[in-house]
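Student: Pick one residue and take a close look at it for me. Then work outwards, so that I can see how that part sits in the whole thing. I'd like the cut-offs spelled out as you go.

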Amino acid sequence: GWTAVMREEKPRPHSFLLQLAAVITHYTGENLKRVHCPTSIIAGDEDILVPPINSKLLKARLPHAHLEILDGVGHAVEALAPEAIVASIQNILQEVS
């Protein structure tokens, strides 16, 4: 449904350029080694905006993290598979308690 939304509510060029600049300049790879809390990485196998290979690379930098690639899910995991987000939070809470 994202394509239909984008057709109806086209992003303003200025907003699009700001988002593009943020994507191009944002890098946290070196900071990931400082993360020591329980971490869950959830991605959709049909995400064309941020392909699942990126989540696998993230997992490589966070070896203690749990990685879950969801079948048939696209970019907006929280909207398309909210139950997976809830289950992940519950798992982390059980892990730390």
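Tutor: Let's start with leucine 32, which touches Leu58, Arg61 and Leu62 once residues up to four places away in sequence are left out; a contact here means heavy atoms within 4.5 Å. Before going on: this is a predicted model, where local features need pLDDT of at least 70 and side-chain atom pairs count only at pLDDT 80 or more, while totals for chains, interfaces and linings use all residues. Numbering runs from 1 along each chain as its sequence is written, and side-chain values use heavy atoms, with hydrogens and water left out.

Back to leucine 32: you'll find it in the loop between α2 and β1 (40-44). Helices are DSSP runs of H or I with at least four residues, strands are runs of E with at least two, and both are numbered from the N terminus. Is leucine 32 buried or exposed? Leucine 32 is buried, at a relative accessible area of 12%; the labels are buried under 20%, exposed over 50% and partly exposed in between, using a 1.4 Å probe and protein chains only. One of the partners, leucine 58, sits 26 residues away in sequence, with 8.5 Å between the two C-alpha atoms.

Now hop over to helix α3 (residues 52-61), home of serine 55. Serine 55 is also buried, with a relative accessible area of 9%, and its contacts beyond four places in sequence are Ile41, Ala43, Leu67 and Ile69.

Helix α2 (residues 13-25) tells another story. None of the 13 residues of α2 is buried, so this helix lies largely in the open. From first C-alpha to last, α2 reaches 18 Å, close to the 18 Å expected at 1.5 Å a residue, the rule being 1.5 Å times one less than the number of residues.

Zooming out, the protein has five helices and two strands, in the order α-α-β-α-β-α-α. Of its 97 residues, 20% count as buried. Take the contacts between residues at least 6 apart in sequence: 71% of them join residues at least 24 apart. As for overall dimensions, the radius of gyration is 16 Å, where a compact globule of 97 residues would be near 13 Å; that is taken over C-alpha atoms, and the globule rule is 2.2 Å times the number of residues to the power 0.38. Along the principal axes, the C-alpha atoms fill a box of roughly 45 × 30 × 20 Å.
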